[in-house]
Amino acid sequence: MAKNRTFTMLKPDAVEKGHIGAILEKISASGFRIVAMKLTQMTTKDAQNFYAVHSERPFFADLVEYMTRGPIVAAILEKDNAVEDFRTLIGATNPADAAEGTIRKMFADSISENAVHGSDSDENAFIESAFHFSGREMF
Ligand code: RTP
Ligand code: MG
C-alpha cells in the first residue's frame, strides 16, 4: 500500500486534561510519522470553515464553541493507508461506541467532546492540512 497522509487535531478537551503526551505516544507507537505539528487555537471563523459541512446540524454552535475554547494540537501524519488506519485508531465518533484500545475510548468522555479529529478522505486530509500548515512547516 502507498504511503499517504492524514490530518489530526488533539481537541481542546484532550489538551485541557493533559493528554497530549499519551495520545502522541499512541500515535507514534501505531506507526505514524509526524510530518507537521503545532499548538494553536482556532478562531470562530476557523472552526465554522473547518466544520462547514456540519453547519446545518443542531450541534454546530456547540461544536464551534468547543473547538475554539482553548488550544489544540494540529498535526499531519504519514503512514501506509494513513486516513483509514487513523480513523480505526481513533475509534467511533461516540466514545461509548468506540472499540477498546482506541484513542476515543481511552481519552474521550462524550460524542461532542471526543478528544481527537481524523480526516475522512485523502482529499479532506489535503484541504485540512493546507488550512493549518504552510509548505515550509511540513517535513
Ligand atoms: P471529526 O470530524 O472531528 O474527526 O469527527 P467524526 O468524523 O468522527 O464525526 P463528525 O460526524 O464529522 O462530527 C464532527 C464532530 O462534531 C461533534 N459532534 N457532536 N452532539 C453530537 O451529536 C455531535 N455529533 C458530532 C464531535 O466533536 C464530532 O467529532
Ligand atoms: Mg468528521
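Biologist: Let's start in the middle of things: is M67 buried or exposed?
Modeller: Keep in mind that this is a predicted model. M67 is found in helix α4, which spans residues 60–68. There are 23 other C-beta atoms within 10 Å of M67, and 20 or more is what it takes, so M67 is buried.

Biologist: Which residues does M67 touch, apart from those up to four places away in sequence?
Modeller: One of them is A47, and the C-alpha atoms of M67 and A47 are separated by 6.6 Å although the two are 20 residues apart along the chain. The full list of what M67 touches is K11, P12, M42 and A47.

Biologist: K11 caught my eye there. What does UniProt say about K11?
Modeller: K11 lies in the loop between β1 and α1. The unreviewed UniProt entry has an annotation that covers K11 along with F59, R87, T93, R104 and N114. The name of that annotation is "binding site".

Biologist: And is K11 itself buried or exposed?
Modeller: It's a lysine in a loop, but let's go by the neighbour count. K11 has 24 C-beta neighbours inside 10 Å, and the cut-off is 20 or more, so K11 counts as buried.

Biologist: Which residues touch K11, leaving out those up to four places away in sequence?
Modeller: M67 is one of them, as we saw from the other side. The set for K11 is M67, I72, A115, V116 and H117.

Biologist: Which residue does UniProt list as "active site"?
Modeller: This comes from an unreviewed entry, so treat it as an annotation that may be inferred rather than shown by experiment. The residue lies in strand β4, residues 116–118, and is in contact with T8, M9 and K11, leaving aside neighbours within four places in sequence. The listed residue is H117.

Biologist: Is H117 buried or exposed?
Modeller: Here the count matters, because buried starts at 20 other C-beta atoms within 10 Å. H117 has 20 such neighbours, so H117 counts as buried.

Biologist: What surrounds ligand 1, and how do those residues divide into nonpolar, polar and charged?
Modeller: The shell holds H54, F59, L63, T93, I111, S112, N114, H117, G118 and D120. H117 in that shell is the residue UniProt lists as "active site", and F59, T93 and N114 are covered by "binding site". By type, the shell divides into three nonpolar, six polar and one charged.

Biologist: R87 is in that "binding site" annotation too. Which residues does R87 touch beyond four places in sequence?
Modeller: The place of R87 is in helix α5. With 16 other C-beta atoms within 10 Å, R87 is partly exposed. The residues R87 touches are G118 and D120.

Biologist: Why do the buried residues of α5 line one face of the helix?
Modeller: An α-helix has 3.6 residues a turn, so residues three or four places apart point the same way. In α5, residues 82–90, the buried ones are A82, V83, F86, L89 and I90. Seen down the axis of α5, they line one face because they fall within an arc of 125°.

Biologist: What covers those buried residues of α5?
Modeller: Both strands and helices turn up in the cover. It includes β1, β3, α6, β4 and α7.

Biologist: Which residue in β3 is the bridge partner of F7?
Modeller: β1 and β3 pair in the antiparallel sense over eight bridges. On the other pairing, seven bridges join β2 to β3, again antiparallel, and A36 stands opposite I76 there. The β3 partner of F7 is I76.

Biologist: Anything odd in the backbone: what is phi of A115?
Modeller: Most residues other than glycine have a negative phi, and most peptide bonds are trans. A115 lies in the loop between α6 and β4 and is buried, with 27 other C-beta atoms within 10 Å. Its phi is positive, near 75°.

Biologist: And what is phi of N81?
Modeller: N81 is found in the loop between β3 and α5. N81 counts as partly exposed, with 13 C-beta neighbours inside 10 Å. Phi of N81 is positive as well, near 55°.

Definitions and conventions:
Residues are numbered from 1 along each chain as its sequence is written. Chains are lettered from A and ligands numbered from 1 in the order in which they are written. This is a predicted model: local features need pLDDT of at least 70, side-chain atom pairs count only at pLDDT 80 or more; totals for chains, interfaces and linings use all residues. Helices (H or I, at least four residues) and strands (E, at least two) are DSSP runs, numbered from the N terminus. A residue is buried if 20 or more other C-beta atoms lie within 10 Å of its own, exposed if 12 or fewer, and partly exposed in between; C-beta atoms are placed from the backbone. Two residues are in contact if their C-beta atoms, placed from the backbone, lie within 7 Å. A residue is near a molecule or strand if its C-beta atom, placed from the backbone, lies within 6 Å of it. Ala, Val, Leu, Ile, Met, Phe, Trp, Tyr, Cys and Pro count as nonpolar, Asp, Glu, Lys and Arg as charged, and the others, Gly among them, as polar. The arc is that of the directions from the helix axis to the C-beta atoms. Two strands pair if DSSP finds at least two bridges between them.
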